[in-house]
Amino acid sequence: MLFMVELTHGPETCIAARDPLITETDARHFLEIKSIAIDHNVKIINGWSFPIGHQLWYVVEAEESHAIAEVFKDSRAASWNTVRINPVVNHDEFVEKILKPILNS
């Protein structure tokens, strides 16, 4: 199952603007997010960031959202972000499961 994970934080909790010792620890853990994900049977498809807007997005594949929550906790991303996990379907699946049945009814 695919999920879109949204991370948001403000300037005051930004990893680049916090206590250097905490920032270094968080940065080291966050650099390892792909291997942390593998340990939780989660595959990170890709990720994007908008540093000025203090936002990051990841598309991940997992059996369930609890494993994803553990990835973002263990990577320490949850210590400086609000983490939202949303199940999603790709566009082709949306067309097949939603749009085509509407048109065929």
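## Helix α1, outside and in

Start with the outward side of α1: the face turned away from the helix's buried side carries P20, L21, R28 and L31, which are exposed. Keep in mind that this is a predicted model.

On the other side, the buried residues of α1 are T23, D26 and F30. Look down the helix axis and the buried residues sit within an arc of 70 degrees, so they line one face of α1. That fits the usual geometry: an α-helix has 3.6 residues a turn, so residues three or four places apart point the same way. As for what covers the buried residues of α1, the list includes α2 (33-39) and β3 (55-61).

## A length check on α1

Helix α1 runs over residues 20-31, which makes 12 residues. At 1.5 Å a residue the expected span is 16 Å, and the C-alpha atoms at the two ends are 16 Å apart, so the numbers agree.

## Two loop residues with positive phi

Most residues other than glycine have a negative phi. Here are a couple that go the other way.

N41 sits in the loop between α2 and β2 (43-50). Its phi is positive, near 60 degrees, and N41 isn't a glycine. Is N41 buried or exposed? Its relative accessibility is 68%, and with the exposed cut-off at over 50%, N41 counts as exposed.

H54 belongs to the loop between β2 and β3. H54 isn't a glycine either, yet its phi is positive at about 55 degrees. With a relative accessible area of 16%, H54 is buried, because the cut-off for that is under 20%.

Conventions
Residues are numbered from 1 along each chain as its sequence is written. This is a predicted model: local features need pLDDT of at least 70, side-chain atom pairs count only at pLDDT 80 or more; totals for chains, interfaces and linings use all residues. Side-chain values use heavy atoms; hydrogens and water are left out. Helices (H or I, at least four residues) and strands (E, at least two) are DSSP runs, numbered from the N terminus. The expected span of a helix is 1.5 Å times one less than its number of residues. Buried means under 20% relative accessible area, exposed over 50%, partly exposed in between (1.4 Å probe, protein chains only). The arc is that of the directions from the helix axis to the C-beta atoms. Contact means heavy atoms within 4.5 Å.
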